[in-house]
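Biologist: Please take a close look at one part of this protein, the open sheet, and describe how it is put together. Before that, a word on any surface patch would help, with the term explained.

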Amino acid sequence: MVLPPRDFTHIALDLTTSISTQDRFHRLLRTIRQTLNCDASALLAFRGQQFIPLAIDGLLPDVLGRRFDLAAHPRLEAIARAGDVVRFPADSDLPDPFDGLIPNQDEDLKVHACIGLPLMADDHLIGALTIDSFDTRAFLEFSDQDLRTLSALAAVSLSNALMMEQLEKEAAGSPTPQPLGNLGDTDHQEMIGQSAPMAALKNEMDVVASSDLNVLILGETGVGKELVAKGIHRQSDRAAKPLVYLNCAALPESVAESELFGHVKGAFTGAISNRSGKFEMANEGTLFLDEIGELPLALQAKLLRVIQYGDLQRIGDDRSLKVNVRIIAATNKDLKQEVVEGRFRADLYHRLSVFPLHVVPLRERGDDIALLAGFFLEKCRVKLGVRSLRLSPAGLARLSQYHWPGNVRELEHAIHRAAILARAAYGTDAPQILPQHFNFSAAASEHGAAEVDGHRYGAVRWPDRANRQASASAMMHPNGFGTGLREATDAFQTHFIREALAHNQDNWAATARQLGVDSGNLHRLAKRLGLK
């Protein structure tokens, strides 16, 4: 007997209710989970060659930050290629991307019933709806036609949301619109976060990107100021032109002028040929001056002239060159105070800070910590070659309690190190990251010690000789980075430099002075160790 199609009117009505897009997505998944009696569901957008979670139900919060590359997830690739309902058999050889990511999931219990619904608009794949259950018979009573109806409802909701996003970007003056199914090209680094401060920052970036104003990005070390600069350039009318990067802190004063403005052959000893400076390279595009607060006063005056009049002179050349460059600068210093103390020119400050943007520290971003953890966990999972990599609830609580003096950069390093330790402890099948896999010794948490699952975790202040010795010993443990002398030395140097950087607020010049090493040698060592 053929059963009549199910009535999904209640889902359709939910989707037309006057609520926000995000609430509509959550309501859709909640209703699907109740209707199909499944354990988990996810709504994913298809962007580039990735599936990106937009809403989840019954999954760990860090899933929202994960980015699922088709090449690394054959089950999702099968959904992307299918064009119709996909029912995966219980004994499918294709690993489920959400195994281990359902709260309170038993370690030996795997997803057994899985349905994938590709979401289409104008014959283009724009997303997918995944429905999972531990019960192998969970979805037998639902026909393919029932599931196609669900797919159609979800596709309309997602398509409308993407269309609104595209129209808003066009209204804000963003560059040429992208195809519907490819919004948010993934060839660039993404800014992860849904917190109110991040939403406000992204809105400010949208506003200033379409202008040609100079931008000053302010924020602590490791908050992602370079990502903000790249995002502004990518959304600007100069996106097709170069974005040129210059780290002012890593610039020896003897070569700084040449780096900025270039030189001609014979201008000084070692000038064996003509050389273009960063301003020439960035002509018609954008020049990103990172750590602008470290630029020597003598160069600040010359920089001001180029910003004011658009002309420059190479060293040793009497001719002037005309350039059209947008300046984006960044600093972790209080430039107003630097002006008061005579270390930064007031006129240059006012020229640069036409549109200041403040990037809030990670500790003020709430649930974004879980999303960022998920993003880095998925990257580590692929890099380490493990089937699944999950963060325990206690591990997430540990991350949420920490003060993050090194912000997002410190979180990335902490996740990577913890993933290595978890793999060493549990193998390559499904390692789980626990609180003890995190060793926060770079700076103390503002909140003091945290209590998670009955364990007391105290913050360790830098520098602490006993703690540094213990940390170095832990890193040289056979279950950690290895027992070879080179590996142990690299591990210790990496840890020690990170501590010093955090202590000096990521100021490389100050770190070099504190460690008693040449700044150039420190930068080369950091690059070899993967710190830059």
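Modeller: A patch here is made of residues with over 30% relative accessible area and no salt bridge, and nonpolar side chains are joined into one within 5 Å. In this predicted model, Met163, Met164 and Leu167 make up such a nonpolar patch on the surface, and their accessible area together is about 270 Å². Leu167 lies in helix 4, which spans residues 144–171. With a relative accessible area of 45%, Leu167 is partly exposed.

Now the sheet. It is open and built from five strands in the order 8-11-14-7-15, with parallel pairing. Strand 8 (243–247) and strand 15 (355–358) are at the edges; each has a single partner strand, so one side of each has no neighbour in the sheet. On average, neighbouring strands of this sheet are turned by 20° against each other, direction ignored. Helix 5 (residues 196–209) packs on the sheet, where it touches strand 7 (215–218), strand 14 (326–331) and strand 15. The direction of helix 5 makes about 160° with that of strand 15.

At the strand 8 edge, the pairing with strand 11 (residues 286–290) is parallel and runs over five bridges. One bridge partner can be named: Leu243 is matched with Thr286 in strand 11.

As for the setting, the protein has 18 helices and 19 strands. Of its 532 residues, 51% count as buried. Among contacts between residues at least 6 apart in sequence, 67% join residues at least 24 apart.

Terms used. Residues numbered from 1 in each chain as written. Predicted model: local features only at pLDDT ≥ 70, side-chain atom pairs only at ≥ 80, totals over all residues. Heavy atoms only, no water. Pairing = 2+ DSSP bridges. Helix = DSSP H or I, 4+ residues; strand = E, 2+ residues; numbered from the N terminus. Axes fitted to C-alpha atoms, helices over the stretch in contact; angles between N-to-C directions. Contact = heavy atoms within 4.5 Å. Patch = residues over 30% accessible without salt bridge, like charges linked within 9 Å, V, L, I, M, F, W, Y side chains within 5 Å. Areas by Shrake-Rupley, 256 points an atom, 1.4 Å probe, with all protein chains shown as cover. Salt bridge = Lys/Arg side-chain N within 4 Å of Asp/Glu carboxyl O. Buried < 20%, exposed > 50% of the residue type's maximum accessible area, 1.4 Å probe, protein only.
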